[in-house]
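Got your viewer open? Load the model, find the selection tool, and let's take a walk through it together.

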Amino acid sequence: MDQRTNILFCFKLGKPAKETHEMLITVYVERAINLKCVYEWFKRFREKRVTIEDAPRTGRPTTAHTPDNIQKVKECLDKDRRVTVRMIAEEVGIGRETAHLIMT
């Protein structure tokens, strides 16, 4: 976030993106964002974007790792300890990876 603030500062001073990137490298060394990102932020600022915050996103995808599904997997295992991950996933209606995660 502080690098974005510095990019905005340099943009308002009229510094070119390349020079701004070189200044970021001087300060942040290996943690400096790459030149492409600096150009992207300059483009956003030219388009009248005034905030350096991330744009809101739709959020994380829903997960199948819920208490209800955990209970269903436990019940399947209680019925038959030799049941496979694939069989549990199909019976509960979740992905194999999620079924495996719940089982372990």
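What follows is a short tour, one selection at a time. Keep in mind that this is a predicted model.

**Stop 1: the two domains.** Start by colouring residues 3-47 one way and residues 67-103 another. The domain assignment calls these domain 1 and domain 2, respectively. How far apart are the centres of domain 1 and domain 2? Taken over C-alpha atoms, their centres are separated by 50 Å.

**Stop 2: Arg4.** Now select helix H1, residues 2-13, and pick out Arg4 inside that helix. Is Arg4 buried or exposed? Arg4 has a relative accessibility of 18%, so it counts as buried, the cut-off for buried being under 20%. To see who touches Arg4, show the side chains of Trp41, Phe45, Ile52, Glu53 and Asp54. That list leaves out residues up to four places away in sequence.

**Stop 3: the cysteines.** Next, select Cys10 and Cys37 and draw a distance between their sulfurs. A disulfide is a covalent bond between the sulfur atoms of two cysteines. How many disulfides does a search of the whole structure find? The search comes back with zero. Your distance line shows why: for Cys10, the closest cysteine sulfur is the one in Cys37, and at 15 Å that is too far for a bond. A disulfide needs the two sulfurs within 2.5 Å. While you're here, compare their surroundings: Cys10 is buried, at 5% relative accessible area, whereas Cys37 counts as partly exposed, at 33%.

**Stop 4: helix H6.** Jump over to residues 96-103, which make up helix H6. Highlight Thr98, Ala99 and Ile102, which are its buried residues. Turn the view until you look straight down the axis of H6: the buried residues fall within an arc of 100°, so they line one face of the helix. What does the face turned away from the buried side of H6 carry? You'll find the exposed residues Glu97 and Leu101 there. Now add helix H4 (67-79) and helix H5 (85-92) to your selection, since you'll want to see what the buried residues of H6 pack against: these two helices.

**Stop 5: Asp78.** Stay with helix H4 and click on Asp78. With 51% relative accessibility, Asp78 counts as exposed. Finally, draw a line from the C-alpha of Asp78 to the C-alpha of Ile102, the H6 residue you highlighted a moment ago. Asp78 and Ile102 sit 24 residues apart in sequence, and the line between their C-alphas spans 14 Å.

Methods. Residues numbered from 1 in each chain as written. Predicted model: local features only at pLDDT ≥ 70, side-chain atom pairs only at ≥ 80, totals over all residues. Heavy atoms only, no water. Helix = DSSP H or I, 4+ residues; strand = E, 2+ residues; numbered from the N terminus. Buried < 20%, exposed > 50% of the residue type's maximum accessible area, 1.4 Å probe, protein only. Contact = heavy atoms within 4.5 Å. Domains from an automatic or database assignment. Arc of directions from axis to C-beta.
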